[in-house]
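Open the model in your viewer and keep the selection tool at hand. Each stop below tells you what to pick and what is there.

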Amino acid sequence: MKLREIGEFGFIDRIAPLGSIRTEGVVKGIGDDCAVISVGGPNYLLVTTDLLMERIHFLKKWASSELIGARALAANLSDIAACGGTPLDAFISIAIPDEVEVEWLDGLYRGMAEMARAYSVNLLGGDTTGSKSDLVINIALTGTVAPDEVLFRHTANPGDVVVLTGPTGQSAAGCDILVHSPELPEQTSRALIRAHLEPTPHILQGRVLATSGACTAAIDVSDGISSDLGHICRDSGLAAVVYEDRLSVSQELISAAAAMGKDPLEWVLHGGEDFVLIAAVKSDKLADLEKGFKANGLGLFPIGEFVQGDKMILQRSGGQREELAWGGWDHFR
Ligand code: ADP
Ligand code: MG
């Protein structure tokens, strides 16, 4: 059997049961943005790891090594944010092909260290090896969260509001622009490429959600709304309705889509790597939470609601309903 037959998530489902050997202290194992571990202190330990592969996740020619390093850590920080946590310490492993210059690697670490400094993260270790072909970067990041603040994927309730902490689709559009180099006004392509190369992890948004008492579940948008909202739905045993007219479609997305013969909604619904959060929020607490976000200078965007059922629905601006099929990123499909 080939991996494309079961997909990335089918593979993870297949290996998940093998992981649980010693259950003591394991609050959440395989299947969320971070592993959540009780190590005896008052707070839980969060652990996440992400592997970036040259030519799969990035091309060296697209960005400086500083940006690649910062982005690699940002992706990990985003998973800590999705669990409502505060990041702690990072461990960086790299496999380096022959032709890579030391100065390029210096830049990679400068970028990582700058991102680390912005979130008070220590770089405490890692591993270094050669590579026969591509550059590989793996970062493992720990974090911490109080037991009554941790946000999971499996705990949304019917009637909860689906909220986003920022716009989606910008990063995927930026990636498409890097790949296809369409004719576009400089300002438009710069904004979208920047969204792709320089994402900001939503750590503060995650903390506001976690401490609000209003949020019942969360995930970060690494693979796209349809995929990541799909994870909350599946793990919570629910479905969701998303309203087209509540989705933010920026002017940049509209003009890039027109130039590239695309539907901007494809990026908004199925494009990954925006690293904003999708959360489930108790409907009677939404107004207070919106005030809390505003007080912190942050945006909160309700886009739908969780309902009983097993199929996600997209309600078009005209009122028609269609299935919102799982169309996000899967490495093997
Ligand atoms: P995210 O996109 O939030 O980083 P993933 O979709 O990569 O999450 O992973 C989902 C879950 O599967 C996580 O709990 C992750 O630790 C686990 N996982 C992914 N790949 C593997 C693997 N090869 N072995 C064990 N667990 C894995
Ligand atoms: Mg995640």
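The tour goes from a sheet to its helices, then to salt bridges and two single residues. Keep in mind that this is a predicted model.

**Stop 1: the sheet**

Select β8, β10, β7, β11, β9, β12 and β13, in that order. These seven strands form an open sheet with mixed pairing. Now look at the edges. β8 (215-220) and β13 (321-323) stand there, each with a single partner strand, so one side of each has no neighbour in the sheet. From one strand to the next, the twist averages 25 degrees.

**Stop 2: strand β9**

Select residues 239-243. That is β9, which pairs with β12 (residues 313-315) in the parallel sense over three bridges. With β11, β9 pairs in the antiparallel sense, over four bridges. Strands of a sheet pair through backbone hydrogen bonds, in either of these senses.

Centre on V241. Which residue stands opposite V241 in β12? I313 does. In β11, the residue opposite V241 is E305.

Now show the side chains of β9. In a regular strand, side chains alternate between the two faces of the sheet. Here A239, V241 and Y243 point one way, while A240 and V242 point the other way. Are the residues of β9 buried or exposed? Five of its five residues are buried.

**Stop 3: helices on the sheet**

Add helix α2, residues 65-82. This helix packs on the sheet and touches β8 and β10 (277-281). The direction of α2 makes about 170 degrees with that of β8.

Next add helix α7, residues 225-236. α7 lies across β7 (161-164), β8, β9, β10 and β11 (301-307). Relative to β8, α7 runs at about 140 degrees.

**Stop 4: a helix pair**

Hide the sheet. Select α4 (residues 170-180) and α8 (residues 251-260). Two packed helices are described by the angle between their axes and the distance between the axes. For α4 and α8, the axes come within 11 Å and cross at roughly 35 degrees. The crossing is left-handed.

Show side chains at the contact. From α4, pick Q170, A173, D176, I177 and H180. From α8, pick E252, L253, A256 and M260. Five of these contact residues are nonpolar, two are polar and two are charged.

**Stop 5: T188**

Stay in this region and select T188. T188 sits in helix α5 (residues 186-197). Is T188 buried or exposed? Its relative accessible area is 9%. The cut-off for buried is under 20%, so T188 counts as buried. Beyond its neighbours within four places in sequence, T188 is in contact with E252, S255 and A256. You have already picked E252 and A256, on the α8 side of the contact with α4.

**Stop 6: salt bridges**

The model has 15 salt bridges. Visit three.

- Select D13 and R234. They form a salt bridge, with the closest N and O atoms 2.9 Å apart. D13 is in helix α1 (residues 3-15) and R234 is in helix α7, so the pair links parts of the chain 221 residues apart. D13 is partly exposed at 38% relative accessible area. R234 is also partly exposed, at 46%. Add D235 to see a network of salt bridges that links D13, R234 and D235.
- Select R71 and E273. Their side chains meet in a salt bridge at 3.2 Å, N to O. R71 lies in α2, and E273 in the loop between α9 (264-270) and β10, so the pair ties together parts that are 202 residues apart in sequence. R71 is buried, with a relative accessible area of 8%.
- Select E322 and R316. The closest N and O atoms of this salt bridge are 3.1 Å apart. E322 is partly exposed at 34%. R316 is partly exposed too, at 25%.

**Stop 7: V47**

Finish at V47, in strand β3 (residues 44-53). V47 is partly exposed, with a relative accessible area of 30%. Which residues does V47 contact, leaving aside its neighbours within four places in sequence? They are C34, A35, I37, L141 and T142. For a last distance, pick the C-alpha atoms of V47 and A113. These residues are 66 apart in sequence and 19 Å apart in space.

Technical notes. Residues are numbered from 1 along each chain as its sequence is written. Chains are lettered from A and ligands numbered from 1 in the order in which they are written. This is a predicted model: local features need pLDDT of at least 70, side-chain atom pairs count only at pLDDT 80 or more; totals for chains, interfaces and linings use all residues. Side-chain values use heavy atoms; hydrogens and water are left out. Helices (H or I, at least four residues) and strands (E, at least two) are DSSP runs, numbered from the N terminus. Buried means under 20% relative accessible area, exposed over 50%, partly exposed in between (1.4 Å probe, protein chains only). Contact means heavy atoms within 4.5 Å. Two strands pair if DSSP finds at least two bridges between them. Axes are lines fitted to C-alpha atoms, for helices over the stretch in contact, and angles run from 0 to 180 degrees between N-to-C directions. A crossing is left-handed if the near helix is turned anticlockwise from the far one by less than a right angle, and right-handed if clockwise. Ala, Val, Leu, Ile, Met, Phe, Trp, Tyr, Cys and Pro count as nonpolar, Asp, Glu, Lys and Arg as charged, and the others, Gly among them, as polar. A salt bridge is a side-chain nitrogen of Lys or Arg within 4 Å of a carboxyl oxygen of Asp or Glu.
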